[in-house]
Amino acid sequence: MDQWLIYLIIIVVLLFISLIVVKLMKKDFNLEANKLLVCLGGKDNIVNAECNMSRFKVILKDVSKVDKDGITKMGAKGIVEIDNQLKIIFGSDAKQLKKYIDQLL
């Protein structure tokens, strides 16, 4: 009977540790959206923002205000600049970032 109690305690401890690890690994999209907004030159620099699958597309007033290195450090897999438009590849995070950016604009 004592062995079962030890096994139960070990399982509970492992579950607790795994929940902590999952919580620490989860991104805070509100914080990420704020960082992205700063990297894009502020909310006044954004004309329009859209999300298409894994890409976050944004039309800007002044592309020279953009911190592309900062966006890359946030986890962007690629940035394409066409005139006053940026297409940023964020993968599966693009939709979440768009949702939080919309709340900030």
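**Figure 1. Strand β2 in this predicted model, with F56 and its bridge partners.** Let us start with a bridge: C51 is partnered by F56 of β2. The strand that β2 meets here is β1 (residues 46-52), and the two pair in the antiparallel sense over six bridges. Two residues lie between the strands of this hairpin, and M53 takes a positive phi near 55 degrees. β2 also runs antiparallel to strand β4 (residues 85-89), to which five bridges join it. In that pairing, F56 stands opposite I88 of β4.

**Figure 2. The two faces of β2.** Which residues of β2 lie on its covered face, and which on its uncovered one? F56, V58 and L60 make up the covered face, while R55, K57 and I59 belong to the uncovered face. The general background is handy here: side chains in a regular strand alternate between the two faces of the sheet.

**Figure 3. The largest nonpolar core, seen around F56.** This core has 22 residues. Those with the most contacts inside it are L36, L40, F56, I71, I88 and F90. At least two residues of the core come from each of α2 (29-39), β1, β2, β4 and α4 (94-104). The largest share is that of α2, which supplies five residues. If you would like to trace the surroundings of F56, leave out residues up to four places away in sequence: F56 then touches L36, L40, A49, E50, L86, K87, I88, F90, A94, K98 and I101.

**Figure 4. The buried face of α2.** F29, E32, A33, L36, L37 and C39 are the residues to look for, as they are buried in α2. Looking down the axis of α2, you will find these buried residues within an arc of 160 degrees, so they line one face of the helix. They pack against β1, β2, α3, β4 and α4. After α2 comes G41, with a positive phi near 95 degrees.

**Figure 5. Helix α4 and its buried lysine, K98.** In α4, the buried residues are A94, L97, K98 and I101. Why do they sit on the same side of α4? The arc they cover around the axis is only 100 degrees, and that places them on the same side of the helix. K95 and Q103, on the other side of α4, are exposed. The cover over the buried residues of α4 includes α2, β1 and β2.

K98 itself is worth a closer look. Is K98, a residue of helix α4, buried or exposed? Its relative accessible area is 15%, and the cut-off for buried is under 20%, so K98 counts as buried. Neighbours within four places in sequence aside, K98 is in contact with A49, E50, C51 and F56. One of these, F56, is also the bridge partner of C51.

**Figure 6. V63 in the loop after β2.** V63 is found between β2 (55-60) and α3 (68-73). With a relative accessible area of 15%, V63 is buried. Which residues does V63 touch, not counting those up to four places away in sequence? They are E81, D83, N84 and Q85. For a sense of scale, V63 and L104 are 41 residues apart in sequence, and their C-alpha atoms are 20 Å apart in space.

**Figure 7. The aromatic pair of W4 and Y7.** The structure holds one aromatic pair. It is formed by W4 and Y7 and is edge-to-face, with 6.2 Å centre to centre and 70 degrees between the planes. The cut-off for edge-to-face is over 60 degrees, so the angle of 70 degrees puts this pair in that class. W4 and Y7 are three residues apart in helix α1 (residues 2-25), so about one helical turn separates them. How accessible are the two partners? W4 is exposed, with a relative accessible area of 63%, whereas Y7 is partly exposed, at 46%.

**Figure 8. Confidence along the chain.** Before you build on any of these views, here is how the predictor scores the model. The chain averages a pLDDT of 85, and 95% of the residues score at least 70. Confidence is highest in β4, at a mean of 91, and lowest in α4, at 81.

Technical notes:
Residues are numbered from 1 along each chain as its sequence is written. This is a predicted model: local features need pLDDT of at least 70, side-chain atom pairs count only at pLDDT 80 or more; totals for chains, interfaces and linings use all residues. Side-chain values use heavy atoms; hydrogens and water are left out. Helices (H or I, at least four residues) and strands (E, at least two) are DSSP runs, numbered from the N terminus. Buried means under 20% relative accessible area, exposed over 50%, partly exposed in between (1.4 Å probe, protein chains only). Contact means heavy atoms within 4.5 Å. Two strands pair if DSSP finds at least two bridges between them. A nonpolar core is a set of buried Ala, Val, Leu, Ile, Met, Phe, Trp, Tyr and Cys residues joined through side-chain atoms within 4.5 Å. Rings of Phe, Tyr and Trp (its six-membered ring) pair if their centres lie within 6.5 Å; planes under 30 degrees apart count as stacked, over 60 as edge-to-face and the rest as tilted. pLDDT is the predictor's confidence in each residue, from 0 to 100. The arc is that of the directions from the helix axis to the C-beta atoms.
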